[in-house]
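User: I'd like a close look at a single part of this model. Walk me through one strand and whatever sits around it, and take your time.

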Amino acid sequence: MDELLEVQGVTKKFGSKQALGNVSFTLGAGRITGLLGSNGSGKSTLMKLIAGLAQPGSGRISVLGVPIGVESRKLVSFMPDVPVTESWMNVGDALKFQRDFYPDFDQAKAQRMLDFMNLRVQDKVRTLSKGMNERLQLTLALSRRARLYMLDEPIGGVDPVARTKILNALMEFYEEDSSILISTHLVNDIERIFDEVIFLKNGEIVLQREVEELRLERGKSIDELFREVFAEC
Ligand SMILES: Nc1ncnc2c1ncn2[C@@H]1O[C@H](COP(=O)(O)OP(=O)(O)OP(=O)(O)O)[C@@H](O)[C@H]1O
């Protein structure tokens, strides 16, 4: 089994709205992949299905050959696009919650990440700025010992300085035998860290390629290609 993630013929509908239509792709180990699409293209829905938080209408998903379910959740760490913390918590409570919930939580790594992120355990979650809160959510997700990390818009809504800090943290704390799937539409800021990109348009994959190949073949940045493909969205 060479593939880390296998998604085969996956569809998802909400009422009559088709959010995903026949999505198939695989991801190898040790890769950072950008899941790129405009608003409403299905990125969050796809990530929720892989995380086991929702069921596909049809199709199959597996991680290291394990079908999505209780066992696959041990292999996948998911940072959703809404915070997983409660407003009454301080940063230390948030870490403790995560540690109680996930036996693979690496406390030493979490502490190193907090230091890097300039977060303190006594900081109150409700007083954190959006950028600091994104840093906390990323710390919670990356401090698990997982094989696949999925980050849904980790730099959404934060200023360019905070984006750089978050991307630097990603590169610093990324374990190289794991893979990361990152959804975003802020392509310009983040494309430097991708090995590979998947373009998701209206719930369907329109492109999956190595970033270097694409740049050489098309003579454009990924951001320029993204703007072309999603021009009318
Ligand atoms: N719980 C839901 N109920 C009804 N429709 C939904 C639900 N979740 C998603 N959708 C619809 O499915 C489509 C895909 O949504 P999704 O949130 O996956 O897109 P996205 O690419 O993550 O968008 P964004 O970049 O804006 O976060 C959209 O049309 C959305 O309105």
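How many of the six residues of S8 are buried?

Analyst: Six of the six, so S8 is largely enclosed by the rest of the structure. Keep in mind that this is a predicted model, so everything below is computed from predicted coordinates.

Let's start with the strand itself. Ser179, Leu181 and Ser183 point one way from S8, while Ile180, Ile182 and Thr184 point the other way, and all are buried. Both faces of S8 are covered, in other words.

Now the sheet around S8. It's an open sheet of six strands in the order S6-S7-S8-S3-S9-S10, and the pairing is mixed. The edges are strand S6 (76-79) and strand S10 (204-210), each of which pairs on one side only. From one strand to the next the twist averages 15°. In that order S8 sits between S7 and S3. As a reminder, strands of a sheet pair through backbone hydrogen bonds, either parallel or antiparallel. On one side, S8 (residues 179-184) runs parallel to S7 (residues 148-152), and five bridges join the two. One spot to click on there is Leu151, which stands opposite Ile182 in S8. Then there's H1, which packs on the sheet and touches strand S3 (32-36), S6, S7, S8 and strand S9 (196-201). The direction of H1 makes about 150° with that of S7. The other neighbour of S8 is S3: five bridges join these two as well, and S3 and S8 run parallel. Here Leu36 has Thr184 of S8 as its bridge partner.

H1 deserves a moment, since S8 is among the strands it touches. H1 is mostly covered, with eight of its nine residues buried. Those are Lys43, Thr45, Leu46, Met47, Lys48, Leu49, Ile50 and Ala51. Right after H1 comes Gly52, with a positive phi near 80°.

Next, follow the chain out of S8. His185 is in the loop between S8 and helix H6 (187-190). With 16 other C-beta atoms within 10 Å, His185 is partly exposed; the cut-off for buried is 20 or more. Leaving out neighbours within four places in sequence, His185 is in contact with Leu36, Gly37, Ser38 and Asn39. Leu36 is the residue whose bridge partner in S8 is Thr184. There's also a nice long-range pairing in the numbers: His185 and Gly34 are 151 residues apart in sequence, yet 9.5 Å apart in space, C-alpha to C-alpha.

His185 also takes us to the ligand. The residues surrounding the ligand are Phe14, Lys17, Ala19, Gly37, Asn39, Gly40, Ser41, Gly42, Lys43, Ser44, Thr45 and His185. Strand S2 (17-28) and helix H1 (43-51) are the elements that give two or more residues to this shell. H1 gives the largest share, three residues. By type, the shell divides into two nonpolar, eight polar and two charged residues. Gly37 and Asn39 turn up both in the shell and among the contacts of His185. Lys43 and Thr45 are in the shell too, and both are on the list of buried residues of H1.

For contrast, look at the far end of the sheet, where S10 is an edge strand. Helix H7 (residues 211-218) lies across S9 and S10, at about 90° to S10. H7 is hardly covered: among its eight residues, the count of buried ones is zero. Gly219 follows H7 and has a positive phi, near 65°. In the loop between S9 and S10 you'll find Asn202, whose phi is near 50°, a positive value in a residue other than glycine. Asn202 counts as partly exposed, because it has 15 C-beta neighbours inside 10 Å.

To sum up, S8 has six of six residues buried, parallel partners in S7 and S3, and H1 touching it as H1 packs on the sheet. The loop that follows S8 holds His185, one of the residues around the ligand.

Technical notes
Residues are numbered from 1 along each chain as its sequence is written. This is a predicted model: local features need pLDDT of at least 70, side-chain atom pairs count only at pLDDT 80 or more; totals for chains, interfaces and linings use all residues. A residue is near a molecule or strand if its C-beta atom, placed from the backbone, lies within 6 Å of it. Helices (H or I, at least four residues) and strands (E, at least two) are DSSP runs, numbered from the N terminus. Ala, Val, Leu, Ile, Met, Phe, Trp, Tyr, Cys and Pro count as nonpolar, Asp, Glu, Lys and Arg as charged, and the others, Gly among them, as polar. Two strands pair if DSSP finds at least two bridges between them. Axes are lines fitted to C-alpha atoms, for helices over the stretch in contact, and angles run from 0 to 180 degrees between N-to-C directions. Two residues are in contact if their C-beta atoms, placed from the backbone, lie within 7 Å. A residue is buried if 20 or more other C-beta atoms lie within 10 Å of its own, exposed if 12 or fewer, and partly exposed in between; C-beta atoms are placed from the backbone.
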